[in-house]
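Biologist: I'd love a close look at one single part of this structure, followed step by step into its surroundings. Could you pick the part and take me through it?

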Amino acid sequence: MSHSDMPPEQQATRQSEAPSFAMIRALTGIAMLSGFLVVLVYQITKPIIAENKRIAIEKAISVVLSDVSSKRDYFLGEEGLVLLDVDQKESSFEGEKIYAAYDDKDELRGIALEAAATGYQDVIRILYGYDPSCQCVTGIKILKMAETPGLGDKIAFDADFLKNFNALDARLNDNLDALKNEIATVKHGSKTESWQIDAISGATISSKAIGKMINQSGQRVIPLINKYLNELQNPEEKSETKNNE
């Protein structure tokens, strides 16, 4: 039976099926092409993003720690301290990534650590410095935030607020397994202790987020830094020992 011999009902059905199939085929092709382009863009931009982050971290380290000439990237966990080489993948290790900073004599100046917590608008991410010699936080640098301009964003540049971190007390307890005092943000003008952070008036939520993230990170990581402090202070000795083995 030719197409012209078909009843009108069958002709209408076949005509409607053809455009539908063509549309599905076109949409499938577009979806596959879009997926390919997303993967391609990700692969192209991934090393660029990683390099930009590396540069940003290096600049931030010089803000939160003084007299820095070089750094070594480590993963620090309950099972030990692992030097992160260029060819190693971060996902193959369990623990916290830390940045050990050294002066021109290769003496340890301190440790830089990332921390994050939810602020008023979104997650705030910082890099903060810790100096084992004084057991104190030595500075912070905002890496990412979306706080309200003129209020919450003052955590990045308010001079009085940033003074909180010149030597913020982060001593360990007698058991060396936690901070002796919880780092906490207090109402503006009510700071009485060296482990307290004086909040910015009108930006209490953002200020509290900074205290919360440093306390949570410090409680977890600073005891581990103390545990492996000798290896951090003498990285070459650890490297020689490993090579001899």
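Modeller: Happy to! One term first: a residue counts as buried when its relative accessible area is under 20%, as exposed when that area is over 50%, and as partly exposed in between. Please also keep in mind that this is a predicted model. With that cut-off in hand, let's take strand β1 as our part: six of its eight residues are buried, so β1 is largely enclosed by the rest of the structure. For comparison, 36% of the 245 residues of the chain count as buried.

What encloses β1? Let's begin with its partners in the sheet. β1 sits between β2 and β3 in an open, antiparallel sheet of seven strands, ordered β2-β1-β3-β4-β5-β6-β7. The edges of the sheet are β2 (80–83) and β7 (168–169); each has a single partner strand, so one side of each is left without a neighbour in the sheet. As general background, strands of a sheet pair through backbone hydrogen bonds, either parallel or antiparallel.

On one side, β1 runs antiparallel to β2, with four bridges joining them. These two strands form a hairpin with two residues between them, and L76 stands opposite L81 in β2. On the other side, β1 pairs with β3 over seven bridges, again in the antiparallel sense; here F75 faces K97 of β3 across the pairing. One step further along, β3 (residues 96–102) meets β4 (residues 108–118) through five antiparallel bridges, and I98 is placed opposite L113 in β4.

Next comes the helix that covers this region. Helix α3 (residues 204–227) lies across β1 (70–77), β3, β4, β5 (123–131) and β6 (136–144), and runs at about 45 degrees to β5. A salt bridge can be found between this helix and the sheet: the side chains of E96 and R220 meet at 2.5 Å, N to O. The pair links distant parts of the chain, with E96 in strand β3 and R220 in helix α3, 124 residues apart. Both partners count as partly exposed, E96 at 23% relative accessibility and R220 at 42%.

Helix α4 (residues 229–233) brings in another residue worth a look, L232. L232 is buried, with a relative accessible area of 0%. Beyond its neighbours within four places in sequence, L232 is in contact with Y74, L81, I98, A100, Y102, L108, I111 and I225. Two names in that list have come up already: L81 is the residue opposite L76, and I98 is the one opposite L113. L232 and L83 are 149 residues apart along the chain, yet their C-alpha atoms are separated by 9.9 Å. Such sequence separations also show in the contact statistics: among contacts between residues at least 6 apart in sequence, 55% join residues at least 24 apart.

Now let's step back along the chain, to the loop just ahead of our strand. The side chains of D67 and R109 meet there in a salt bridge, 3.5 Å from N to O. D67 lies in the loop between α1 and β1 and R109 in strand β4, so the pair ties together parts that are 42 residues apart in sequence. D67 is exposed, with a relative accessible area of 55%, whereas R109 counts as partly exposed at 28%. The structure holds seven salt bridges. One of the others is between D169 and R171, whose closest N and O atoms are 2.8 Å apart; D169 counts as buried at 8% relative accessibility, while R171 counts as partly exposed at 34%.

On the far side of that loop is helix α1 (residues 8–64), where I48 is found. I48 is partly exposed at 48% relative accessibility, and joins L33, F36, L37, L40 and I44 in a nonpolar surface patch of about 580 Å². For scale, the accessible surface of the chain comes to about 15100 Å², of which 53% belongs to carbon and sulfur atoms.

To place β1 in the whole, the chain has five helices and nine strands, in the order α-β-β-β-β-β-β-α-β-β-β-α-α-α along the sequence. So the picture around β1 is this: β2 and β3 are its neighbours in the sheet, helix α3 lies across it, and six of its eight residues are buried.

Technical notes:
Residues are numbered from 1 along each chain as its sequence is written. This is a predicted model: local features need pLDDT of at least 70, side-chain atom pairs count only at pLDDT 80 or more; totals for chains, interfaces and linings use all residues. Side-chain values use heavy atoms; hydrogens and water are left out. Two strands pair if DSSP finds at least two bridges between them. Contact means heavy atoms within 4.5 Å. Axes are lines fitted to C-alpha atoms, for helices over the stretch in contact, and angles run from 0 to 180 degrees between N-to-C directions. Patches are made of residues with over 30% relative accessible area and no salt bridge: like charges are joined within 9 Å, nonpolar side chains (Val, Leu, Ile, Met, Phe, Trp, Tyr) within 5 Å. Accessible areas come from the Shrake-Rupley method with a 1.4 Å probe; for residues, only the protein chains shown count as cover. A salt bridge is a side-chain nitrogen of Lys or Arg within 4 Å of a carboxyl oxygen of Asp or Glu. Buried means under 20% relative accessible area, exposed over 50%, partly exposed in between (1.4 Å probe, protein chains only).
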